[in-house]
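Here's a quick briefing to read alongside the model. Have the viewer open and click along as you go.

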Amino acid sequence: MAKLVLDLHDIFNKGDQIEKALRDVIEEAVAKRIDLVEIIPGKGSGQLKKKVLRFLDQKEIKALYHRVDKDSKNFGRLFVHFQHKDKHRKR
C-alpha cells in the first residue's frame, strides 16, 4: 500500500504554508492514487491538529477522501484514507 507522509513540525506557526502543504498532499494522493496519507501535526497544545481537522472537514476536501482516523497510540498523528473508484479496473 502506497503512503504519503506530511510532517508539519517545521511549519507549525505558518498558517498559509500549512494549508498549502495540506492541499498539495491531498491533491498528490488523488493524482497518484495513493491509499493513505499520514499527517503529523505533532502533540503540542492540539491547536494544529484542530486546524488540520477543520481543513479536512471542508466540503470540497472531504469529497476527495474516504475517511480520517486519529492514531490511538499517538495523539500527534492522523491518517487520511482514500478509495479510488476505478482502482481495480483493467486497462
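What follows walks through the sheet, the helix, two loop residues and the main pocket.

Keep in mind that this is a predicted model. Its sheet is open and has four strands, in the order β1-β2-β4-β3, with mixed pairing. Helix α1 lies across three of those strands, namely β1, β2 and β4. The largest pocket comes in at about 170 Å³.

**The sheet as a whole**
- Reading across the sheet, you go β1, β2, β4, β3, and the pairing is mixed.
- The edges are β1 (3-7) and β3 (67-70), each of which has a pairing partner on one side only.
- From one strand to the next, the twist averages 20°.

**Who pairs with whom**
- β1 and β2 run parallel, with five bridges joining them. If you want a spot to check, L6 has I39 of β2 as its bridge partner.
- β2 (residues 36-40) and β4 (residues 78-81) go the antiparallel way, over four bridges. Here L36 is matched with H81 in β4.
- β3 and β4 are antiparallel too, and four bridges hold that pairing. R67 has H81 of β4 as its bridge partner.
- So H81 is worth a click: H81 is the bridge partner of L36 and also of R67.

**Burial in the middle strands**
- How many residues of β2 are buried? Five of the five are, so β2 is largely enclosed by the rest of the structure.
- Side chains on β2 split by direction: L36, E38 and I40 point one way, V37 and I39 the other, and all are buried. Note that E38 is on that buried list.
- β4 follows a similar script, with L78 and V80 pointing one way and F79 and H81 the other, all of them buried.

**The helix**
- α1 covers residues 15-32 and lies across β1, β2 and β4.
- Relative to β1, helix α1 runs at about 175°.

**Two loop residues to look at**
- R33 is in the loop between α1 and β2. Its phi is near 60°, a positive value in a residue other than glycine.
- Is R33 buried or exposed? With a relative accessible area of 31%, R33 is partly exposed, because that class sits between the 20% and 50% cut-offs.
- G76 lies in the loop between β3 and β4. At 2% relative accessibility, G76 counts as buried, since the cut-off is under 20%.
- What does G76 touch? Leaving aside residues up to four places away in sequence, the contacts of G76 are I39, I40, P41, G42 and K43.
- G76 and K43 are 33 residues apart in sequence, yet their C-alpha atoms are 4.3 Å apart in space.

**The largest pocket**
- Its volume is about 170 Å³.
- The lining is made up of 11 residues, and A63, L64, Q83, H84 and K85 lie nearest the centre.
- Sorted by class, the lining has five nonpolar, three polar and three charged residues.

Methods. Residues are numbered from 1 along each chain as its sequence is written. This is a predicted model: local features need pLDDT of at least 70, side-chain atom pairs count only at pLDDT 80 or more; totals for chains, interfaces and linings use all residues. Side-chain values use heavy atoms; hydrogens and water are left out. On a 1 Å grid over the protein atoms alone, a cavity is a set of points where a 1.4 Å probe fits but cannot get out, and a pocket is an open set with protein on both sides within 12 Å along at least five of seven lines; lining residues have an atom within 4 Å of a point. Grid points are joined across faces, edges and corners, and a volume is the space filled by probe spheres set on the points. Ala, Val, Leu, Ile, Met, Phe, Trp, Tyr, Cys and Pro count as nonpolar, Asp, Glu, Lys and Arg as charged, and the others, Gly among them, as polar. Two strands pair if DSSP finds at least two bridges between them. Axes are lines fitted to C-alpha atoms, for helices over the stretch in contact, and angles run from 0 to 180 degrees between N-to-C directions. Contact means heavy atoms within 4.5 Å. Buried means under 20% relative accessible area, exposed over 50%, partly exposed in between (1.4 Å probe, protein chains only).
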